[in-house]
Amino acid sequence: MRIILMIEIFLALLFALFESGWGGISEPVDTEVDDNMMEYLLVAKNSISYSTACRYLVVDLDHDDCSELITIYPTDNAEDNIRPFITLSDIYLMDVGKQTNFEDAERIDAYPFDLNGDGRKEILVNKLRHDSLFIEILSSSGQKTGRCFFLISGSPRPGYEWECYASPMEWRCQAGDTSLVFSLYTGYSYQHRGIVRVRYPSGEIVDARWFGAYINKLAFMNFELDGIKDYYAGSNTPDNCQGLQVNGTDDRHTYFFIFHSTPGSIFYETLGGLSNGSNAYPISNGDGPLENFWILYSQHNTEEADSSFLGIYHYPGRRFIKKVKLAGSIMTTAVQYDFDRDGKKDILLTHTNGTLEIRNQQLQLLQRRVFNQQVVAQWFFDLDQNGLPEIFIHANRKLYVFSDRLKLIAKQAMDVEDIQLIQSATGRSLFVRSKTSLSFLSLRPNTALAAHYRRIWITAMLSGALLFAGGLLLVRWYKQQQIPYLAHHALENLEIPGVLILDQEGRLRQMNEKARVLLNLTTGHQGQPFLKIDNELISRMKPFIERAYRQAQDTSAEQAIPIMEASANLHVFFRPLRTAGDRFKGLLMILEDRTEQIQAMQALAWSTMAQRLAHQIKTPLSSVVLAVQRLQMEYVKDGASRSKEYDRYVDYVTGEVGRIRHIVDGLLKLARLEKPVHRACRMNDLVRLALKK
């Protein structure tokens, strides 16, 4: 189980390594990788040529989750006698509907818009005629409905065409009063710019807010949760800006605008002068009123460190609460998404020099990717419908696709001018307009690369598993080799009795030097059947070894069995060797040499006997000595001759008693001798000591 757990942990770590995808905070992007080696492929189909004079809109008009294609011929062509027209078709231009002509218009533009909230979109056509703008309504099938109203007129400058377009923003129906909100925009400062609300279908203007700044994209949101939409936008400074003031704003400065639902209400914050533009994105993290905005401000192409910035604007306080300066120019289109999965939205912004950045609401840099290509345009689509946006960037005549983790997943060489999302029953794809053709792109997994990586993955896994298994076997083999080595080393060097190890077949597996000396064996018997070795002592042990093997079959037979008959001075003990599962693996034999023990016992016996004998002899001798001494003192000697004879006998008795006493003292000294200590010595020193004595 532990091995399986280790393998699972190993695989999980590898999977996390391959799937994390974040890498470091700032990393370069390798744009030179072969297209066929990318994770996904951009597959083009049904590429067709088209008229560069036409515009194309991809939209689901009839609310059936399938996109239709609107073809717009926007201007009249007097030379070819072609008036502006609109046609509807399926997305692949296979089923083209009836052409709708606008004979009374010089220029047109079209905006799909749901007028009555039923999900089906009508087409609001801007018709420009001389100095007037009209709005005509087409049905979702592209047919004229007869509804048309005048919106606004102006006075063009000499030598200029009058130009103004109205983009529908909101359909309102309150207390029976039906109205439309339009955003009016133009690239010329002397034309109308603003927001107007008109009654429908009369076209009567009931609320107008004019400004001098150039706004090309107006967005709306219910800031105050009162059910009424408020509008917000950034602004641009066009190349032909004039700087004419309208309500405090002009087209030579860049602003952040908010238009409340209150008629005539305009709030703006001046961000800078001439620029590439600005944009605003609301930050909504809860159910309360909206308070903060991301503000992107981009200067013209420059490498100055403070030329552009990203800031957090607190609308109730009318101030920036945070701001970070950015070098160079940035794209003012961005995407909000919870990239770091912390429950709060982050923002992805693109530098025109080819740098992608993700920052959180504290403006901290979460991720940066640098691919050093001059960015022309960018788009954000959830093409695979997994809830995560893909980033499409057009740079250096190539289309690059990045995942939400800023990983380059696909690229294709094409000169893109516009990309729109196609919805169909088979999934999502892209409608791509280049300078020469219309293409239909789909993002598909690179199955060949996936198979290649799968083979690499399987090979790596098998190699890893083999290496892991080999490592385990190597460790096991090392332990198997190390334990006998350590056992052999211990048996050879420790001061222990003779030890032999027999396996379950009775073969000699291990024997220390002490056992070899006690059994009087030569080397080279390891691995041989022990009982077949030609040796007298082994022959004596045979019945006891066989008995020990029989007892080993009984798991309760754990006691050692002494054998006293091996030799006069040799005792043998047996103990079965078992595994943790109580499986019999062999026999342990311990050979104990009793020679020194017997010698010590004999010495002890001699010492005891000498003590007793000495006491038994010394006691009567003491009495004899005392008696002779007393005779010498108390009896009167009879004459000189008799005295000499008496003294001679007394001296003789005394001398013999003294000699016996000397023998007894020697026995006592022998009894008190300590056990000898054996140690190495020089033979020459030992001989010299003996000669001196």
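Start by selecting residues 55-59, which make up strand 3: four of its five residues are buried, so this strand is largely enclosed by the rest of the structure. Bear in mind as you look around that this is a predicted model.

Now add residues 68-73 to your selection. That's strand 4, which runs antiparallel to strand 3 and is joined to it by five bridges. Want one pair to zoom in on? Pick Y56 and you'll find T71 of strand 4 standing opposite. As for what holds such neighbours together, strands of a sheet pair through backbone hydrogen bonds, either parallel or antiparallel.

Next, jump to S437, which sits in strand 33 (residues 437-445). Is S437 buried or exposed? Its relative accessible area is 15%, and a residue under 20% counts as buried, so S437 is buried. Show what's around S437: setting aside neighbours within four places in sequence, its contacts are S47, I48, S49, Y50 and V432.

Time for a sheet. Select strands 19 to 22, an open sheet of four strands in the order 19-20-21-22, paired antiparallel. At its edges are strand 19 (277-283) and strand 22 (319-326), each pairing on one side only. On average, neighbouring strands here are turned by 20° against each other, direction ignored. Zoom in on strand 21 (residues 308-314), which is linked to strand 22 by seven antiparallel bridges. One bridge to look for joins H314 to R319 in strand 22.

Last stop: the surface. Select M683, L686, V687 and L691, a nonpolar patch with about 430 Å² of accessible area together. Click on L686, part of helix 7 (residues 683-692); its relative accessibility is 45%, so L686 counts as partly exposed.

Note on methods
Residues numbered from 1 in each chain as written. Predicted model: local features only at pLDDT ≥ 70, side-chain atom pairs only at ≥ 80, totals over all residues. Heavy atoms only, no water. Buried < 20%, exposed > 50% of the residue type's maximum accessible area, 1.4 Å probe, protein only. Helix = DSSP H or I, 4+ residues; strand = E, 2+ residues; numbered from the N terminus. Pairing = 2+ DSSP bridges. Patch = residues over 30% accessible without salt bridge, like charges linked within 9 Å, V, L, I, M, F, W, Y side chains within 5 Å. Areas by Shrake-Rupley, 256 points an atom, 1.4 Å probe, with all protein chains shown as cover. Salt bridge = Lys/Arg side-chain N within 4 Å of Asp/Glu carboxyl O. Contact = heavy atoms within 4.5 Å. Axes fitted to C-alpha atoms, helices over the stretch in contact; angles between N-to-C directions.
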